[in-house]
Every structure is written in C-alpha cells, then in structure tokens.
Amino acid sequence: MKFGKEFASQMVPEWQEAYMNYNYLKTLLKEILIFRQRQTRSSLPAYPLRPPPAKATSLKRRASLFRAFSGLTGRYGNTSPKEDNEDEVILVNAMQKSDEEQGEDCRSYQTIFLRSAEEGGEFELVFFKRLDFEFNKVIQFYRGKVEEVVQQAEELNIQMDALIALRIKVNDPAAAAVVSPMTNNDPASVSPFINQRNTGSSPLEAIHEVEMSNHGNEKEPEKKRLNGGKDYKLASLEVLNHIKINATPETPRSTMRSVFNSTRSDLHFNKKELRDAQEKLKKAFIEFHQKLRLLSSYAFLNQLAFSKIMKKYDKITSRNASHAYLQMVEESYLSESNEVSKLIERVEAAFVKHFCNGNRHQGMNSLRPKAKRDKHGVTFFVGCSIGCSLALVVAIIASLHAGVLLKSEGRDAYMNTIFPLYSLFGFIVLHILMYAGNLYYWTRYRVNYSFIFGFKAGTELGFREVLLLGSGLLVLTLAAILSNLEMDIDPKTKGYKAITELLPLGLLIVVVLITLCPFNIFYRSNRYFLLVCLWHCICAPLYIVTLPDFFLGDQLTSQVQLLRNLEFYVCYYGWGDFKNRDAGTCEDGRSTIYRNISIVIAVVPYWIRLLQCLRRLFEGQDSTQALNGLKYFSTIVAVVARTLDPLDAGVTIKIISATSSVIATIFSTYWDLVKDWGLLCRNSENPWLRDKLILPNRSIYFVAMILNVILRLAWMQSVLDVYDTPFLHRKAVVTIVACLEIIRRGIWNFFRLENEHLNNVGKFRAVKSVPLPFSHEDGDKNL
C-alpha cells in the first residue's frame with residue numbers, strides 16, 4: 001500500500017484537517033516533476049528523467065525513516081560543504097520566530113529557497129511555502145492540544161485527591177478522624193498541583209493517597225518524593241470541605257430529585273457515593289488516556305509524513321534538502337515535547353494503582369483494548385445464510401404454485417392472519433439489512449460511527465456481523481413460512497390448524513429469548529446496549545438523552561406497523577382466534593378496544609421522541625429542540641387523525657386528517673433535509689448542499705433528498721385511500737408502504753450520522769467528554 005493511503009487510513013477521522021496535507025504536497029511535487037521532465041526532454045529527448053519506482057512497504061517499515069532522524073546529521077554531515085555538490089547546498093532551511101518575546105514554544109517556521117530565480121524555481125518556491133504552512137499548522141494544533149491535556153491532567157489530579165480522601169473517609173472513619181485534625185486548615189497540608197512548566201514535574205505525578213501506619217498511635221500523612229528532588233505532602237481530608245458531588249440526573253430517581261434539589265449536593269460519605277465517583281473517574285481516566293494516545297500517534301504520523309515528502313523532493317529534484325528541513329522538524333516542539341509521553345506513563349501508573357488494585361494486565365486491557373479483528377467464519381456463514389435464503393424463497397414459490405391455498409376461499413383468511421404474523425419478521429430483517437448497508441458505507445467513508453454511538457472499544461459490530469444476524473433471522477423466517485405452507489397443503493396435517501398457527505409464535509419466542517439471553521453468546525454486549533437504549537426510550541424523559549437513545553427513538557417511528565403487528569400477536573393468540581384462523585376479534589373496526597390500542601401504539605414512538613426533545617430542551621443542550629418537539633407533536637395529531645379517518649367517514653375528520661398530514665409531512669421533510677442532514681445551504685461551497693461533504697459525487701445528495709421527499713409522501717396513502725387495489729391485497733399494500741418507510745429511514749441514517757461526524761470534525765472532537773464526579777466549591781481549584 002502506498003504511504004499516502006496508509007497515512008490517511010491511520011489518521012484520527014475527527015482531526016483529519018489538522019494533519020499535514022500529504023496528497024496536496026504530492027501534487028506540487030508532481031508539477032515540479034513534470035516541469036523537469038519537459039526540460040530534460042528538450043535537451044535529451046532520448047533519456048527522459050523519470051523517478052525510480054518506490055518499493056511498496058508498510059507504514060511500520062517506514063517508521064525507520066522516523067527513527068533515522070537522529071542519524072541524518074551523520075549521514076549528510078560527514079562530508080564538508082566543499083565536497084558537496086552544488087545541488088545539495090542550494091536549498092537552505094531557516095527558522096524565524098514570529099513572537100520571539102513569548103518564548104521558544106511560540107516560534108513559527110519559514111523556509112528560504114535560495115534558487116527561486118532559476119528556471120522552474122517558482123514551482124519549488126510554492127512547494128516550500130505550502131510545506132511551511134502545513135508544518136506551522138501541525139505545530140499549532142499539537143501545541144494547543146498539549147496545553148488542553150495538561151489542564152485536564154490538573155483537573156484529574158484534583159479529582160483523584162478528592163476520591164482518595166473520600167475513600168479513606170468512607171472505608172476507614174477511625175483513621176480519618178485522626179488524620180483530619182492534623183491538617184488544621186493548613187494549605188501546605190493539601191497536595192498542590194505540580195505544573196511541569198513551573199516545577200519541572202508533569203501533571204498527575206502528584207496523584208497520591210494518605211498511607212496510614214499500622215503501628216503507633218500517631219498517624220501522620222507520609223511524604224512522597226517526586227521527580228525533581230522535592231518533597232510534597234500527601235492528600236489531606238481537608239479537600240472534602242471544598243467539594244460537592246455532581247449529582248447529574250441520569251436515572252429516574254435522580255431526575256425526580258433534581259426537580260426539587262440542586263444538581264450539586266453535599267457529601268454524605270456513604271459507599272454509594274464512593275462507588276459512583278470511582279466509576280465516573282475511571283471512565284474519565286480511560287477517555288483521557290485515549291486522547292493522549294491519539295496525540296502521540298498524531299505527532300509520530302506527521303513527523304513520518306514530513307520525512308517521506310522530503311525524501312520524495314530529494315528524488316525528484318536531485319537535491320539534498322531533507323537534511324536541513326528534517327533537522328528543523330527534529331528540533332521543533334512536535335519532536336522535542338515530551339509532556340504527552342510522560343502523562344501516558346503516569347496515567348497508566350495511577351490507573352493501575354487506584355482502579356485495578358495494582359494488576360497491570362487488567363489495567364492495560366482497560367486502557368489499551370485490543371483492536372477488533374475480522375473473522376473469516378463470519379463471511380462464510382453470511383454466504384451460507386444468503387444461499388439458504390435464496391433456496392427457501394424458490395421452495396416457497398414452488399409450494400404456492402403447487403398448492404391451491406391462495407386461490408381458494410381461504411385466501412383472505414390467510415392474508416389477514418398468517419401474513420401479518422410473518423411480516424413482522426420481514427420488517428426486522430429489512431431494518432437490519434439497511435443498518436448493515438449503513439455500516440458498510442460509514443466504514444468506507446471513515447464515518448466514526450463507533451465513537452458517535454459510544455460503543456465500547458472492540459465490541460462494535462461491523463457490517464458483516466450485522467448482515468449475519470439479518471440473514472440468519474431471514475433463514476429462520478423463510479423456513480417457518482415454508483413449514484406453515486407445507487402443513488396447510490399436506491392432507492395429514494391440514495386438520496390440525498392450531499399447530500400450524502403456532503409456528504409464528506414459536507419463532508417470535510425464540511427471537512425474544514435470544515435477545516434477552518444473559519449468556520455471552522450472540523454478541524451479548526451489543527444486545528445489552530440495545531436493551532438499555534430501548535429502556536431509556538420507554539422511560540423517557542426520566543433518563544438523560546444521549547445520541548443512541550434518540551437515534552433508536554427515530555428508528556421506532558419508522559416501525560409503527562411492526563408495533564401494530566405485535567398488538568395483533570397479543571390479540572390473535574390471547575383471545576384464541578388462532579384456533580379457527582379467524583381474526584374477527586382483532587380486525588380494525590370490529591373491536592373498540594383493539595382500535596383504541598392501535599391508535600395509542602401508533603402514537604407511542606412519536607410521543608417518546610417528543611418527551612426526549614423536552615428533556616434536552618430543559619437541560620439547555622439545544623434551544624432548537626422546542627421546534628423538534630413541535631414537529632413530533634404535529635405528527636402525533638396527523639397519526640391520530642389518519643387512524644380515525646378510515647373508521648369515521650365524516651368530512652370533518654377527512655379534512656383534519658389531510659391537513660394535519662400535509663403539515664406534518666412538510667415539517668418533517670424540512671427538518672430531515674435542513675436540520676438532520678445539514679443540507680440546503682444556499683451560500684455554501686457546494687450550492688444547496690453544505691460546505692463539507694463526505695461522498696465524492698454531489699449528485700447522490702440531490703437523489704437522496706428527492707427520494708426522502710417521495711418516500712415521506714408514502715405514509716399519506718391512508719389519506720388518499722389507496723389501500724384497496726385490484727391486484728394486491730390490502731395487507732400487502734400496508735406491508736409495502738411500511739417497507740418503504742424503513743428504506744427511507746435507512747437512507748436517513750447514513751446522512752444523519754454523516755452530518756454528526758462532520759460536526760465532530762469541525763470541533764476536532766475525537767474523545768467523549770465524561771462528567772467528573774466532584775465539583776469545586778465556588779470554582780476554586782486550589783484545594
């Protein structure tokens with residue numbers, strides 16, 4: 001693989017714009033190469049200048065270029081300037097400080113090209129100006145991120161002091177009573193934050209705890225000698241007098257409590273507070289360590305890219321410019337800064353000590369989870385499942401042609417009972433297949449869906465695993481349908497209709513049991529994640545709303561027909577209609593209770609989204625959630641009116657149904673295109689789209705918008721009375737319309753997550769922000 005592709009594949013997706021633009025610099029080198037080739041052809045047409053072909057090596061092997069930085073001086077410096085060729089000295093790299101009074105860290109770099117007056121020198125001058133721009137951009141971004149992590153380390157240091165003090169207070173109250181009076185409110189007894197720039201020690205180096213002596217009546221905090229030869233006292237319990245617990249309303253109980261109390265509460269010194277604080281701080285450490293690792297990789301990859309591009313320049317121009325430029329890179333803040341590496345070591349040491357009981361293997365598994373590997377067995381079973389599905393489809397079609405079931409008088413009974421029972425699984429399979437397609441294209445275009453959804457590292461499912469689940473369920477469903485048809489056609493089993501009717505129920509029970517299975521099979525962590533999000537949706541607005549929660553809520557709004565089929569399951573089997581294959585009790589209009597429940601079920605997904613919008617609005621996250629909630633409220637009105645329309649043929653109900661449906665459709669379509677997808681920006685770089693796009697072909701966005709509008713109109717079929725068609729059964733039309741909505745939702749999913757990813761890219765947000773357990777009283781950090 002070429003270095004450019006390998007370099008791009010290892011970039012942090014959200015920081016892509018902050019990396020050195022390797023491909024653009026290669027285009028500038030290509031222009032230099034083309035000019036020199038033309039110049040060579042004019043003088044020596046029989047021997048055109050061509051660069052030697054580069055060997056395809058991996059990024060790991062090219063790491064030797066980065067390690068060779070220290071040897072550049074020896075490689076190029078052994079010969080004196082008198083012995084060098086003229087081309088090896090015509091390029092000189094010079095460094096100039098822009099804000100010299102602000103210190104070494106605020107320097108900017110500029111390269112002076114000494115041969116710009118030569119023929120073709122303007123191409124090389126443009127190259128070095130762009131190279132300087134990219135280098136200064138990388139330095140500025142890296143320096144800003146390092147300062148950011150240093151501040152976060154300071155906060156984590158204070159949080160650890162508070163956690164350790166709380167741990168002592170809760171687990172050993174007798175020792176805490178002895179230690180606390182010894183502080184006497186002396187500021188010196190409270191461990192200070194050690195700033196590297198001030199004292200020569202890095203943050204988190206002062207993370208420590210009070211260690212009590214096991215003998216003697218006097219128990220004093222021990223001192224810990226830090227790097228630099230200075231003594232600092234260990235954490236004091238006095239710190240507990242200056243902090244409060246961040247009582248973020250994350251559960252129904254905490255939400256109800258926060259309505260009457262403040263979100264910051266006093267410490268009660270109980271084990272629950274300690275357990276919650278430790279869990280939050282553990283997650284904060286994991287995310288902080290992940291950010292440090294990303295920064296370390298960022299510095300390494302950029303240094304390697306600058307080395308590679310300068311090597312290419314030397315090859316094309318036959319000059320010796322890389323020595324001076326790479327020496328500048330080696331002496332820059334990007335190479336000389338060691339704050340990140342020191343912080344990584346100290347975070348790992350602190351995490352292993354305080355959260356893993358000194359078990360380094362366990363700590364490293366949490367801080368450095370192993371990358372997930374694709375398994376060939378998954379691909380094999382996907383192929384087998386798809387092949388079995390095709391064979392079963394052929395067998396079902398053959399059974400339908402061989403038998404007379406759908407041509408007999410029982411056709412309507414079969415379509416009104418068995419067809420809705422199995423169409424439920426069809427909706428699930430279609431949604432899973434659309435999600436598998438989303439995963440494939442998200443992965444292909446480097447949309448960081450794992451970070452956006454908040455999956456635990458190494459547990460996220462790829463498109464192959466999701467495709468395996470969908471194809472496996474499809475095989476079970478088609479096998480049940482074929483068995484049902486064979487039992488209906490076979491004279492031996494034709495009389496036992498109760499047995500044939502129980503097949504869909506048995507399949508549903510199997511699916512539910514697999515979903516709820518507590519054992520570590522069938523992707524347990526993902527099933528648990530799905531169930532937690534589903535529970536948060538059911539209990540809205542009592543839980544804090546995260547992106548996976550409202551994303552799942554949006555999926556439920558496209559599965560209204562599936563929920564109605566679940567209602568049909570309860571009615572059909574609960575009232576015993578399956579014994580006679582008669583859905584009289586459960587048909588619309590023939591049961592008042594069933595009709596009312598059907599209206600409620602159709603409203604539930606939109607009601608959940610409305611409550612989620614209100615929760616986010618009250619939390620102050622986004623003021624536009626008021627309009628979003630209004631959108632779902634208009635949809636609720638439209639759904640209720642459309643559900644009542646077929647039952648009440650009055651003109652007033654039809655007018656209300658048509659008007660509300662039109663308003664809800666226009667409102668929802670506008671929100672999809674403008675708010676969720678971020679498109680239809682008139683003054684953007686891409687007219688009527690947005691400034692940044694992931695897909696290379698802009699026409700795809702216009703096609704997606706048109707499809708979204710057309711498929712949005714599909715749900716108005718009840719207003720237009722197109723249920724009954726001469727060539728399709730009414731249940732088949734309902735199923736087709738529901739499938740069109742699922743397809744529209746699948747298209748919506750891709751562009752919704754693409755827009756979310758681009759928002760993260762614009763803010764360079766590559767790590768989750770974890771709420772810390774403690775807050776400083778009056779904002780005072782000098783505890």
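Okay, so let's start with what lines the second largest pocket: 39 nonpolar residues, nine polar and one charged. Keep in mind that this is a predicted model. That makes 49 lining residues, and the ones nearest the centre of the pocket are Ile-428, Ile-432, Thr-515, Leu-530 and Leu-552. The space inside comes to about 1,900 Å³.

Where does the lining come from? Eight helices show up with at least two residues each: H15 (411-444), H17 (463-489), H18 (497-516), H19 (524-538), H20 (547-557), H21 (560-574), H22 (592-618) and H27 (730-762). H15 gives the largest share, with nine residues.

Now, while we're around H19 and H20, have a look at the loop between them, because that is where Pro-541 sits. The peptide bond from Ala-540 into Pro-541 is cis, with omega near 5°.

Next, cysteines. How many disulfides does a search of the whole structure find? Zero. As a reminder, a disulfide is a covalent bond between the sulfur atoms of two cysteines. Take Cys-537: the closest cysteine sulfur belongs to Cys-533 and is 6.9 Å away, so that is too far for a bond. Cys-537 is also buried, at 0% relative accessible area. Cys-517 is buried as well, at 15%.

On to the aromatics. The whole structure has 39 aromatic pairs. Let me show you Trp-15 with Phe-141: the ring centres are 5.4 Å apart and the planes meet at 70°, so we call this pair edge-to-face. What I like here is the distance along the chain: Trp-15 is in the loop between H1 (3-9) and H2 (22-43), Phe-141 is in H5 (121-171), and 126 residues separate them. Buried or exposed, these two? Both Trp-15 and Phe-141 are buried.

There's another edge-to-face pair, Tyr-19 with Tyr-298, at 4.8 Å centre to centre and 65° between the planes. Tyr-19 is in the loop between H1 and H2 while Tyr-298 is in H9 (271-317), so this pair ties together parts that are 279 residues apart in sequence. Again, Tyr-19 and Tyr-298 are both buried.

And these four belong to one aromatic cluster, together with Phe-3, Phe-7, Tyr-22, Tyr-142, Tyr-333 and Phe-764.

Hang on to that last name. Phe-764 has a positive phi of about 50°, even though it isn't a glycine. You'll find Phe-764 in the loop between H27 and strand S7 (774-776). Its relative accessibility is 26%, so Phe-764 counts as partly exposed.

Leu-680 has a positive phi too, about 60°, and it isn't a glycine either. Leu-680 is in the loop between H24 (651-676) and H25 (699-712). At 36% relative accessibility, Leu-680 is partly exposed.

One more stop: Glu-348, in helix H12, residues 339-355. Glu-348 is a charged residue by type, yet it is buried, with a relative accessible area of 7%. So what is Glu-348 in contact with, leaving aside neighbours within four places in sequence? The list is His-289, Arg-360, Met-364, Leu-367 and Arg-368.

If you want one thing to click on first, try the pocket and its nine residues from H15, then go over to Trp-15 and Phe-141 in the aromatic cluster.

How values were computed. Residues are numbered from 1 along each chain as its sequence is written. This is a predicted model: local features need pLDDT of at least 70, side-chain atom pairs count only at pLDDT 80 or more; totals for chains, interfaces and linings use all residues. Side-chain values use heavy atoms; hydrogens and water are left out. On a 1 Å grid over the protein atoms alone, a cavity is a set of points where a 1.4 Å probe fits but cannot get out, and a pocket is an open set with protein on both sides within 12 Å along at least five of seven lines; lining residues have an atom within 4 Å of a point. Grid points are joined across faces, edges and corners, and a volume is the space filled by probe spheres set on the points. Helices (H or I, at least four residues) and strands (E, at least two) are DSSP runs, numbered from the N terminus. A disulfide is a pair of cysteine sulfur atoms within 2.5 Å. Buried means under 20% relative accessible area, exposed over 50%, partly exposed in between (1.4 Å probe, protein chains only). Contact means heavy atoms within 4.5 Å. Rings of Phe, Tyr and Trp (its six-membered ring) pair if their centres lie within 6.5 Å; planes under 30 degrees apart count as stacked, over 60 as edge-to-face and the rest as tilted.
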